[in-house]
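Here are my notes after going through this one, point by point. Keep the viewer open while you read.

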2 protein chains.
Amino acid sequence: MSVTIKDVAKAAGVAASTVSRVIADNPRISQKTKEKVLQVMKEMDFYPNAIARSLANRSTKTIGVIMPHSSEQVFVNPFFTEVMRGIGMSAMKRGYNVLFSTGSDIEEEYRSTSKLVNEQRVDGLILLTSRIKDKTIDELIKKKFPFVVVGKHPKLENINWVDNNNQEAGYTATEHLIKQGHKSIGFIGGEFTYVFMGERFKGYKKALDSFSIEFSKEFLALEEFLEEGGYRAMKKLLSNKKRPTAVVVADDLMAFGVMRAIKEEGLRIPQDISVVGFNDTPLASYVDPPLTSVEIFVFDLGYNASEVLINQLEQEDDQKKHIIVPTRLKIRKSSITVRRQKKL
Amino acid sequence: MSVTIKDVAKAAGVAASTVSRVIADNPRISQKTKEKVLQVMKEMDFYPNAIARSLANRSTKTIGVIMPHSSEQVFVNPFFTEVMRGIGMSAMKRGYNVLFSTGSDIEEEYRSTSKLVNEQRVDGLILLTSRIKDKTIDELIKKKFPFVVVGKHPKLENINWVDNNNQEAGYTATEHLIKQGHKSIGFIGGEFTYVFMGERFKGYKKALDSFSIEFSKEFLALEEFLEEGGYRAMKKLLSNKKRPTAVVVADDLMAFGVMRAIKEEGLRIPQDISVVGFNDTPLASYVDPPLTSVEIFVFDLGYNASEVLINQLEQEDDQKKHIIVPTRLKIRKSSITVRRQKKL
DNA sequence: TTGAAAGCGGTACCAT
DNA sequence: ATGGTACCGCTTTCAA
């Protein structure tokens, strides 16, 4: 069908291997032949067939991204979009392609991942989940297949991962509220099967500890990972005899629900109840009042994951890398009760 | 490295071609040999190498998705996530892989697309943009490379596309406001280089026409495709001597900005100014008041795009397909000024 | 520096 | 029904 290396060879009056050397920019070739071959390639509109190269090189120059099934948190926020942008940028820069794969449930997810690996369609994998999915990960470890997880994982030492320091982030968010004078601080989040969830909670508790504030179970509410869940969780906290004066909400979307519940109760934010969210969703700065949130730099998570993986693929460096992407608390009106309000 | 077809052939005491037939589930083979070979395959943990198959078959079983560079609208909403889910589901069902590719600007986008095509890494392409990017599309047409566009395109008849009927959607949204008694209806949107933008506007005008309402340029404001743009656009409309009593906003994110501007002016939604948005972003139902919006079923756009493309790849049916995914107006408080308010 | 030839891991046609 | 073999398009070793 299309022009092959042989066609070019014939037209240029050289052997196929010579053309191949030109493609690979092999130094053991005369400048003259090189130019002639390049010339012919241009004329004939030749491009090397990626599949054939992959077969000969035993390398696909492709990394796979496993996107969790839709019930996962990843789908709600712009997380997926951003992480893909990050992965895409790194991969493109390094000359890699990105193959993406899903499954409608955890079993299908496992099967499609195995397929990519077994059929050798990709050189390495990025797993977009901090959820405990032992089956897939165990299998990859067993097969010594290169991969990196976005999010931390219990087996952390033996695998590559890229993550925020969620515990620190939880600490910072809580500390901020404490410094605003709060002593009754609630925590609202989703299930702890998400590793980052538990981490954020740990940071919250640690901050309370540091300032000698006692943690009360009444101030904890875990619900579904959506606006609605945040709404329900806050309703629950508001029904307590003792209400918190501030809440740390482990996700912006939930925080929006939290704010709705607070307003519905006729309370003001931040005067009656202050709110801090996580992830710094684009909308966080536009809700009323603008929501203080921990920015997690999702693009960087993706970018770094891809870099770690590709480095691993290209060097025979077998050491597992762990990268922590720093977070930043973006302070907005929803949590400011002391001075300096004018500045915002 | 890993087990090949020859290893299996040897172990099973048959020829490689026989093993190949078993893989392809070729009928011209005895049940007995088939079973034995399958048995050996299991034992040896054999999986056919996808790259080798691709080379021999001249088919990658992979479709490429070209994601526009980040400045595009697609990145803002959960659009990208949803469309990828749709594409992924269809592709998986049909046994195809999805390769995704970007570029940080239009030129890089063009180059990376050409690369996928020229190096024959994919069998077909899905373009996620209704923007007028003639260079890429012209090239694909010239090369007769199979592709489908999500979103409509000026050259509509000669290419495959999947889209909503944005004109109809614009009509419906506007008609709804007219039926609520409005006569002064504004239109807020982004640049008309987005085809869907112009279409929504056309629908808006058509609805005004149908009800003999004159269109006034004063009621039109085009701004950047973000919350901030919506805010600015609404501020502009509010500064008119004659203010609209309702606005059609061509995107939810912009609509959020519009709502902010209205509230800031001390006006009420929907009593003073009603608002209708587009895309039905997850957050639309949670803002205050809940935003009426046109649901566009992004998952279906992606799913159908993939189906159209794969159908085209598998049959030699060269006829161009155009699929219209229906929209639905989700009426919420932001636009209801007559009766039945209690129901919401 | 260049060419010939043997792979890479399958597929498919031609025999038998 | 099965085996032998010539590709698919490129890479790489070995010789010259």
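1. Start at DNA strand C, where H4(B) is the top contributor to the nearby surface, giving five residues. Bear in mind throughout that this is a predicted model. The elements supplying two or more residues to that surface are helix H2 (16-23) and helix H4 (50-57) from chain A, plus helix H2 (16-24) and helix H4 (50-57) from chain B. By class, the surface near strand C breaks down into twelve nonpolar, ten polar and five charged residues.

2. Which residues come nearest to DNA strand C? Out of the 27 around it, they are Thr18(A), Arg21(A), Thr33(A), Arg58(A) and Ser20(B). If you look at the strand's own atoms within 4 Å of the protein, 67% are sugar or phosphate, and bases make up the rest.

3. A few phosphate contacts on strand C deserve a look. Thr33(A) has a polar side-chain atom 2.5 Å from a phosphate oxygen of DNA strand C. Ser20(B) also uses its side chain, with an N or O atom 2.6 Å from a phosphate oxygen of that strand. For Ile5(B), it is a polar backbone atom that sits 2.7 Å from a phosphate oxygen of strand C.

4. Now over to DNA strand D. There are 27 residues around this strand, and Ile5(A), Ser20(A), Thr18(B), Arg21(B) and Thr33(B) come nearest. Of the strand D atoms that come within 4 Å of the protein, sugar and phosphate account for 67%. The surface near strand D has twelve nonpolar, ten polar and five charged residues.

5. The phosphate contacts I'd check on strand D are in chain B. An N or O atom in the side chain of Thr18(B) is 2.5 Å from a phosphate oxygen of DNA strand D, and the side chain of Thr33(B) places an N or O atom 2.6 Å from a phosphate oxygen there. Ser30(B) comes in through its backbone, with an N or O atom 2.8 Å from a phosphate oxygen of strand D. As for elements, those giving two or more residues to the surface near strand D are H2 and H4 of chain A along with H2 and H4 of chain B.

6. On to the overall form of chain A, which has twelve helices and twelve strands. Its radius of gyration is 26 Å, well over the 20 Å that the globule rule gives for 344 residues, so chain A is more spread out than a compact globule. The C-alpha trace of chain A spans about 90 × 45 × 35 Å along its principal axes. Of the 344 residues in chain A, 54% count as buried. Among contacts in chain A with a separation of 6 or more, 70% come from residues 24 or more positions apart.

7. What about the cores? The largest nonpolar core has 92 residues, and the members touching the most others are Ile188(A), Met234(A), Val275(A), Ile188(B), Met234(B) and Val275(B). Take Met234(A) as the example: leaving out residues up to four places away in sequence, Met234(A) touches Ile188(A), Val247(A), Val258(A), Ala261(A), Ile262(A) and Ile273(A). A second, separate core of 52 residues includes Val65(A), Met84(A), Ala305(A) and Phe100(B).

8. Is Asn97(B) buried or exposed? Asn97(B) is buried, because its relative accessible area is 14%, under the 20% cut-off. This residue lies in strand E2 (residues 97-101) of chain B. Its side chain makes a polar contact with the side chain of Arg121(A), at 2.9 Å. Neighbours within four places in sequence aside, Asn97(B) is in contact with Leu99(A), Leu116(A), Arg121(A), Lys61(B), Thr62(B) and Ile63(B). The C-alpha atoms of Asn97(B) and Thr62(B) are 4.4 Å from each other, although 35 residues separate them along the chain.

9. Last stop, Gln312(A), in helix H12 (residues 298-314) of chain A. Gln312(A) is buried too, with a relative accessible area of 11%. The side chains of Gln312(A) and Asn160(A) make a polar contact at 3.0 Å. Beyond neighbours within four places in sequence, the residues in contact with Gln312(A) are Asn160(A), Asp317(A), Gln319(A) and Lys320(A).

How values were computed: Residues numbered from 1 in each chain as written. Chains lettered and ligands numbered in written order. Predicted model: local features only at pLDDT ≥ 70, side-chain atom pairs only at ≥ 80, totals over all residues. Heavy atoms only, no water. Core = buried A, V, L, I, M, F, W, Y, C linked by side-chain atoms within 4.5 Å. Buried < 20%, exposed > 50% of the residue type's maximum accessible area, 1.4 Å probe, protein only. Contact = heavy atoms within 4.5 Å. Near = heavy atom within 4 Å. Polar contact = N/O pair within 3.5 Å; in protein donor to acceptor, adjacent residues only side chain to side chain. Helix = DSSP H or I, 4+ residues; strand = E, 2+ residues; numbered from the N terminus. Nonpolar A, V, L, I, M, F, W, Y, C, P; charged D, E, K, R; others polar. Rg over C-alpha atoms; globule rule 2.2 N^0.38 Å.
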